[in-house]
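Thanks for coming. I will take the aromatic pairs, then a strand pair, then a pocket.

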Amino acid sequence: MFEIKKICCIGAGYVGGPTCSVIAHMCPEIRVTVVDINESRINAWNSPTLPIYEPGLKEVVESCRGKNLFFSTNIDDAIKEADLVFISVLSNPEFLAEGTAIKDLKNPDRVLIGGDETPEGQRAVQALCAVYEHWVPREKILTTNTWSSELSKLTANAFLAQRISSINSISALCEATGADVEEVATAIGMDQRIGSKFLKASVGFGGSCFQKDVLNLVYLCEALNLPEVARYWQQVIDMNDYQRRRFASRIIDSLFNTVTDKKIAILGFAFKKDTGDTRESSSIYISKYLMDEGAHLHIYDPKVPREQIVVDLSHPGVSKDDQVARLVTISKDPYEACDGAHAVVICTEWDMFKELDYERIHKKMLKPAFIFDGRRVLDGLHNELQTIGFQIETIGKKVSSKRIPYAPSGEIPKFSLQDMPNKKPRV
């Protein structure tokens, strides 16, 4: 059987970088080269400060960089020298979750390899199987044809996104009836046929994969003349959009139907904790809706650089003209963001937000002081926070019967970062 000694991975992003770093770490006899046309990104991979944050990644990279792991912009030579080129030779979809990617790579539920049903295709499949067998039990390595492999990736993410949208739809019902969506999720999650994972109600899912893969599934169904199936999966995206707009409306309505010129602290900008990735983050959408209403946003995230937040909010579909310059301030710590704010909005479930000194925060906020917990990270602190004096609003639960009344305002219009901008971006 053909033995792989040199691997080239095209793309040094959130998938290629960690995946090939772990392959190099687990297979010291294989030379792994990760290439990208982005020179600054490659320079970062070769520096002490990696371009992405992922728990455990720095240690893995430093253990083999310069030995059998290399990052380069010399794409042509890397391809010529490689025995296997990721992306262009085989279908090897990843099933990684950001924040746990290194753990997922070292101890995967399964590895899926798809290839052409030809002698050459099957030889390539078996050669890649041999690479993974360095650390993955053979029974966890699945081989399929190319279509099955690619559809498995789309379907896995679509099912996970569907579960989130399903529990988020129930969160709206819980708020209307007085039920607690966490209690409902616990009850149904104990049913072994359903299970407890991905039943966490929130302000909505984000990240690069869920929306993209669901929409790819929708596109495939439409292209193959399966309109009913396409509409079914489109509802997963529509429910996610609805949850974001519903949360933003709740903020505006609770603040007496206007946030114009009010300071609002946004805690968390990454799409989930333990990553610096902001792609399709619900924070972007919530920030857009609040900026459209004239709110002054003070944003803090422990891992997202200031420049990334500004770039995301300056997207032509998110902000207009000088909105970001006028309305957005990036804070260096959560206390600075909350100082003088009318409300605190938690958009990312960073563990540190559970441990903040909320008495200190309350003293510096304008009154009445609101907390809008879009990630249910403060569930165990509600009594303490109410005693301090906070008005608390959370997803899928009425925290207090003594909430300040408000009259619901108009519906927030839908938008998508995938939509074509109606104006050219300013340079």
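**Rings, strands and a pocket**

Please keep in mind that this is a predicted model. A search of the whole structure turns up 10 aromatic pairs. I will go through two of them.

In one, Y232 and W233 meet edge-to-face, with 5.1 Å centre to centre and 90° between the planes. Is Y232 buried or exposed, or something in between? Y232 is partly exposed, because its relative accessibility is 47% and the class runs from 20% to 50%. W233 has a relative accessibility of 9%, so it counts as buried, the cut-off being under 20%. These two rings also belong to a cluster, in which ring pairs link F159, Y232 and W233.

The next pair is F256 with F370. It is edge-to-face as well, at 6.3 Å centre to centre and 80° between the planes. Where in the chain do F256 and F370 sit? F256 is in the loop between α10 (227-254) and β7 (263-267), while F370 is in strand β11, so the pair links distant parts of the chain, 114 residues apart. F256 is partly exposed, with a relative accessible area of 43%. F370, at 2% relative accessibility, counts as buried.

F370 brings us to the strands. Which residue of β12 is the bridge partner of F370? That is Q391. Strand β11, residues 370-373, is joined to β12 by four bridges, and the two run parallel. Helix α16, residues 382-388, completes the picture: β11, α16 and β12 make a right-handed β-α-β unit.

Now the side chains of β12, residues 391-394. Q391 and E393 point one way, I392 and T394 point the other way, and all are buried. Why the two directions? Because in a regular strand the side chains alternate between the two faces of the sheet.

Last, the second largest pocket. How much space lies in it? About 570 Å³. There are 23 residues in its lining, and the closest to its centre are Y14, P51, I52, Y53 and G276. Helices α3 (57-64) and α12 (306-313) each supply at least two residues of that lining. Sorted by class, the lining has 10 nonpolar, six polar and seven charged residues.

To recap the thread through the first two topics: F370 is buried, forms an edge-to-face pair with F256, and has Q391 of β12 as its bridge partner.

Key: Residues are numbered from 1 along each chain as its sequence is written. This is a predicted model: local features need pLDDT of at least 70, side-chain atom pairs count only at pLDDT 80 or more; totals for chains, interfaces and linings use all residues. Side-chain values use heavy atoms; hydrogens and water are left out. Buried means under 20% relative accessible area, exposed over 50%, partly exposed in between (1.4 Å probe, protein chains only). Two strands pair if DSSP finds at least two bridges between them. A crossover is right-handed if, with the strands pointing away from the viewer, the path from the first strand over the helix to the second runs clockwise. On a 1 Å grid over the protein atoms alone, a cavity is a set of points where a 1.4 Å probe fits but cannot get out, and a pocket is an open set with protein on both sides within 12 Å along at least five of seven lines; lining residues have an atom within 4 Å of a point. Grid points are joined across faces, edges and corners, and a volume is the space filled by probe spheres set on the points. Ala, Val, Leu, Ile, Met, Phe, Trp, Tyr, Cys and Pro count as nonpolar, Asp, Glu, Lys and Arg as charged, and the others, Gly among them, as polar. Rings of Phe, Tyr and Trp (its six-membered ring) pair if their centres lie within 6.5 Å; planes under 30 degrees apart count as stacked, over 60 as edge-to-face and the rest as tilted.
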